[in-house]
Amino acid sequence: MKLVMMGPPGAGKGTQAERFAREHGVPKISTGEILREAVAAGTEMGKAVKAVMEHGGLVGDDLIIGIVRERLAQPDAQAGYVLDGFPRTVPQARVLDSVIDGSCPLVIVEIQVPDDELVRRVRLRRICARCGTAASAFGSVGTAVCRECGGALVQRSDDTEDVIRERLKVYWRETRPMIAYYHERPTYRVVNGALAPEKVRDALVTAVASAMGRDPGAQSA
Ligand code: AMP
């Protein structure tokens, strides 16, 4: 299982990736989460990326590619993974193609949601200050604390309205060309992310199964 979840900020990639990865026993690898951890820990890398992230820009390809190469080489990623937020540019997608060994096809799922709905969702989004889990991922919405670890729920510093609009612009400019890069592949699928999370989850399971030439019933947990 090697799955790329593509989609604009607020499309539900993180939530769906988390669940899908858990149900399939593979790690979810989120470059945004790795970077946020580095910023919170105040590492050199964190200091280098903080301002770019706060303004909604993209971190340089070389840095991100280095992070992902290292993460994909870890033992837990050998049986597969779900990528959330990577690749985001065509050069990143090319590198990913060069590191996968071809033993199992790369499935690419694009989650589509209209822009106005994305802005609405991102403004309401909360994540756990301690473990980074999205409140929506484990039903913590409406509660004061994370259901996973009890940490406080907070707004991401890049989830303000101005920054979201900038991130959407960046998405359409930088990430959209990746769709052209992937879209002729037999393993590329589109899912309607405007539906309720449970319906998106079902559509995702069906899309991945069809991309892999399997019966969806055999895939879902
Ligand atoms: P995300 O959590 O995926 O929305 O990512 C949050 C922020 O981290 C983005 O707005 C970028 O600044 C940065 N980031 C995450 N993944 C990447 C990537 N693959 N390439 C460049 N920047 C990234």
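1. Strand 4 (residues 106-112) and strand 7 run parallel, joined by five bridges. One bridge partner pair can be named: V109 with R189, the latter in strand 7. Note that this is a predicted model.

2. Where does this pair sit in the sheet? The sheet is open and has five strands, in the order 2-3-1-4-7. Its pairing is parallel. Strand 2 (28-30) and strand 7 (188-192) are at the edges. Each has a single partner strand, so one side of each has no neighbour in the sheet. On average, neighbouring strands are turned by 20 degrees against each other, direction ignored. As background, strands of a sheet pair through backbone hydrogen bonds, and the pairing can be parallel or antiparallel.

3. Two helices on the sheet deserve a look. Helix 1 (residues 13-24) packs on the sheet and touches strand 1 (2-6), strand 2, strand 3 (81-84) and strand 4. The direction of helix 1 makes about 175 degrees with that of strand 3. Helix 8 (residues 197-211) lies across strand 1, strand 4 and strand 7. Against strand 7, helix 8 runs at about 165 degrees.

4. Check the peptide bond between F86 and P87. This bond is cis, with omega about -5 degrees. Most peptide bonds are trans. P87 belongs to the loop between strand 3 and helix 5 (90-99).

5. Now the ligand. The shell around the ligand holds 16 residues, and T31, R36, G57, G85 and Q92 come nearest. Helix 2 (residues 31-41) gives the largest share of the shell, with four residues. By type, the shell divides into six nonpolar, five polar and five charged residues.

6. Which atoms of G57, V59 and R167 face polar atoms of the ligand? For G57, a polar backbone atom is 2.5 Å from an oxygen atom of the ligand. For V59, a polar backbone atom is 3.1 Å from a nitrogen atom of the ligand. R167 uses its side chain: a polar atom there lies 3.3 Å from an oxygen atom of the ligand. How much of the ligand's accessible area does the protein cover? On its own, the ligand has 480 Å² of accessible area, and the protein covers 97% of this.

Key: Residues are numbered from 1 along each chain as its sequence is written. This is a predicted model: local features need pLDDT of at least 70, side-chain atom pairs count only at pLDDT 80 or more; totals for chains, interfaces and linings use all residues. Side-chain values use heavy atoms; hydrogens and water are left out. A residue is near a molecule or strand if one of its heavy atoms lies within 4 Å of it. A polar contact is a pair of N or O atoms within 3.5 Å; within protein, one must be able to donate a hydrogen and the other to accept it, and residues adjacent in sequence count only if both atoms are side-chain atoms. Accessible areas come from the Shrake-Rupley method with a 1.4 Å probe; for residues, only the protein chains shown count as cover. Ala, Val, Leu, Ile, Met, Phe, Trp, Tyr, Cys and Pro count as nonpolar, Asp, Glu, Lys and Arg as charged, and the others, Gly among them, as polar. Two strands pair if DSSP finds at least two bridges between them. Axes are lines fitted to C-alpha atoms, for helices over the stretch in contact, and angles run from 0 to 180 degrees between N-to-C directions. Contact means heavy atoms within 4.5 Å.
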